[in-house]
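Q: Please take a close look at a single residue of the structure below and its backbone angle. Then set that residue against the rest of the protein.

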Amino acid sequence: MSPTRTFFVGGNWKMNGDKKSLGELIDILNAAKLHADTDVVCGAPTIYLDFTRQKLDAKIGVAAQNCYKVAKGAFTGETSPAMIKDCGVNWVILGHSERRHVFGESDEAQEVHEKLRQWLKTNVSEAVAKSVRIIYGGSVTGATCKELASQPDVDGFLVGGASLKPEFIDIINAKQ
């Protein structure tokens, strides 16, 4: 990984948790010793965005799990970027793994990430290719995180179920 790209670990809590269980997870994260050179962001269910941002330490970012492209309108059930920002949330997760089968993506992390980076170099610029963080969204666990984190073109993870467990701390600290 390039020294210009900060390692990133995002936890996607998906449609899991309630105030009690998420509050307990937040307490664990707030008390944990997290690698200072890793950006950490937790993707909370929309209904808990404000709760999560209020309780989670400011050093950890909060992400919405999706958003619609306009600021307001007659779009029942959608959340706009403006609404997300109004809650103090600065991140959004787009391009979910649930849709991976549509695009035929594989879980061969380094191979896919290297091809993406080469495409950026060829079609955009070398500077962009070197600076863009490419985040792995496959299955990441405490057992697999160190090997994945050692790959030169894997700039971090978007973690699903493991982000709801104490092993999420090990995943965050995979670069140590």
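A: Relative accessible area sorts residues into three classes: buried is under 20%, exposed is over 50%, and partly exposed is in between (1.4 Å probe, protein chains only). The model is predicted, so local features need pLDDT of at least 70 and side-chain atom pairs count only at pLDDT 80 or more, while totals for chains, interfaces and linings use all residues. Residues are numbered from 1 along each chain as its sequence is written, and side-chain values use heavy atoms, with hydrogens and water left out.

The residue to look at is Lys14, which is not a glycine but has a positive phi of about 50°. Most residues other than glycine have a negative phi. Lys14 sits in the loop between β1 (7-12) and α1 (19-31); helices (H or I, at least four residues) and strands (E, at least two) are DSSP runs, numbered from the N terminus. With a relative accessible area of 27%, Lys14 is partly exposed.

Gln110, in helix α5 (residues 109-123), counts as buried at 17% relative accessibility. Leaving out residues up to four places away in sequence, Gln110 touches Gln151, Pro152, Asp153 and Val154, where contact means heavy atoms within 4.5 Å.

Strand β3 (residues 61-64) has Gly61 and Ala63 pointing one way and Val62 and Ala64 the other way, and all are buried. Strand β2 (residues 38-43) runs parallel to β3 and is joined to it by 3 bridges; two strands pair if DSSP finds at least two bridges between them. Gly43 stands opposite Ala63 of β3.

Now the whole chain. The protein has 8 helices and 5 strands, in the order β-α-β-α-β-α-β-α-α-α-α-β-α from the N terminus on. Its radius of gyration is 16 Å, close to the 16 Å that the globule rule gives for 176 residues, so the protein is as compact as a globular protein of that length. That radius is taken over C-alpha atoms, and the rule is 2.2 Å times the number of residues to the power 0.38. Along the principal axes, the C-alpha atoms fill a box of roughly 40 × 40 × 30 Å.

Of the 176 residues, 40% count as buried. Among contacts between residues at least 6 apart in sequence, 66% join residues at least 24 apart.
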